[in-house]
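Visitor: I have a structure to look at and don't know where to start. Can you walk me through it?
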Amino acid sequence: MKKASQSRQFILISFVVGISLLHYLTPLNLPYLHDIFQRLYYLPIILAALWFGFRGGLLCSIIVSIAYAPHILFQWGGHLTMEMEKYLEILLYNIVGGMTGLLSQRERERTEELRRTALGLEESYQKLRHQSERIIAIEEQLRRAEKLSTLGEMAAVLAHEIRNPLGSIRGTAEILKDDYGPGDPKHEFIEIQIRETERLNRVVEDFLHMARPQPADMRPCPVQDELETIVNLVSNDAGERQIRLVLEPPSLPVLIRADGEKLRQAFLNIIINALQATPQGGSVTISTTVLRTDAATGVCEIRFRDTGVGIDGEALERIFEPFFTTKPDGTGLGLAITRKIIESHGGTLMVESEPGHGTTVTVRLPMPEEA
Ligand SMILES: Nc1ncnc2c1ncn2[C@@H]1O[C@H](COP(=O)(O)OP(=O)(O)OP(=O)(O)O)[C@@H](O)[C@H]1O
Ligand SMILES: [Mg+2]
């Protein structure tokens with residue numbers, strides 16, 4: 001920028017010096033040449049005005065006047081009436097320099113103003129775009145919230161409908177319990193029936209109180225017992241589908257601190273998914289191991305391995321999303337809830353799958369020191 005302005009100044013000076021030399025060196029008996037040179041001065045003046053605005057134009061015309069004046073005064077004699085036309089030309093130089101400079105400066109200022117306006121517009125446009133993107137995102141959130149609130153309403157209706165028959169089931173189970181005393185092999189089944197009815201009742205209530213979920217009830221919890229309860233619960237279903245359900249016990253009993261009810265819900269979700277994915281003749285294996293992280297603490301690892309259809313890569317990325325399901329009657333909430341439960345116990349949930357061969361879901365839960 002500075003370099004360009006310097007070279008422009010150099011051009012202007014060369015012009016003025018060149019034209020002045022022509023004046024001073026050309027004999028006076030060639031007046032028509034002097035007339036031409038006299039007009040040539042307008043070239044640097046107009047250029048200076050265009051390039052440097054009002055001050056540039058005026059400065060150049062003054063320099064030209066100073067360079068040209070001695071030529072009139074000393075070479076032409078400087079007689080006021082005789083050289084009037086030349087004096088007037090000097091006046092004209094300054095008028096042209098000043099006026100052209102003023103006009104070009106105004107033009108330049110207007111261009112600058114337009115540029116600033118365009119910049120401002122661009123900025124506003126960017127802001128607007130940013131805002132509309134946010135609106136779209138918020139709209140998406142709203143849609144999701146709407147989905148959730150519709151689900152909440154459905155849950156409320158469902159809960160209402162489920163609660164009454166649930167009461168009857170529990171009532172009849174209580175009556176049956178009297179018939180099958182603690183020594184009877186069926187006593188345990190009725191106990192399960194009552195416990196699970198209670199659990200179902202609480203799940204329904206949980207849905208109703210979605211806004212204020214029940215606090216976790218953490219107690220020492222034998223992992224194997226919880227798994228056995230769930231396996232007993234689904235073994236009939238597995239048998240009907242001719243799926244082998246294997247529960248491999250750990251070498252030592254594993255005790256963790258957990259909300260047993262929530263944990264059972266999580267295990268049940270995982271096992272139901274495995275059973276649903278496994279075809280006739282397949283198997284679902286549940287194994288528990290203890291991983292020692294250091295001398296004092298350990299991690300309990302429960303693996304649910306099925307020989308089902310597996311999950312392709314694209315679906316695998318989405319299985320924890322609420323409402324993601326590939327089942328015609330699925331809600332897609334199972335794994336989302338399961339992960340929340342496991343994480344609320346300080347654990348992790350991992351899913352590995354080989355499409356066509358099977359899926360392994362790994363739950364890791366921290367064990368308290370005394371375990
Ligand atoms: N063991 C598995 N084998 C194959 N696919 C699975 C397995 N577990 C989960 N999936 C896939 O993950 C999806 C999401 O599971 P999720 O339990 O969250 O919902 P869902 O089972 O479809 O519905 P819901 O649990 O409400 O009945 C399933 O639709 C299924 O495609
Ligand atoms: Mg499920």
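Guide: Start with C300, which counts as buried (under 20% relative accessible area, 1.4 Å probe, protein chains only), because its relative accessibility is 0%. This is a predicted model, where local features need pLDDT of at least 70 and side-chain atom pairs count only at pLDDT 80 or more, while totals for chains, interfaces and linings use all residues. Residues are numbered from 1 along each chain as its sequence is written, and side-chain values use heavy atoms, with hydrogens and water left out.

Visitor: How many disulfides are there?

Guide: Zero, where a disulfide is a pair of cysteine sulfur atoms within 2.5 Å. For C300, the nearest cysteine sulfur is that of C221, 9.9 Å away.

Visitor: And C221, buried or exposed?

Guide: Buried, with a relative accessible area of 2%.

Visitor: New topic. Which ring does F267 pair with?

Guide: F304, in a tilted pair with 5.8 Å centre to centre and 45 degrees between the planes. Rings of Phe, Tyr and Trp (its six-membered ring) pair if their centres lie within 6.5 Å; planes under 30 degrees apart are stacked, over 60 edge-to-face, the rest tilted.

Visitor: Where do those two sit?

Guide: F267 is in helix α7 and F304 in strand β5 (residues 298-306), so the pair ties together parts 37 residues apart in sequence. Helices (H or I, at least four residues) and strands (E, at least two) are DSSP runs, numbered from the N terminus. Both F267 and F304 are buried.

Visitor: How many residues of α7 are buried?

Guide: 13 of its 18.

Conventions: Chains lettered and ligands numbered in written order. Buried < 20%, exposed > 50% of the residue type's maximum accessible area, 1.4 Å probe, protein only.
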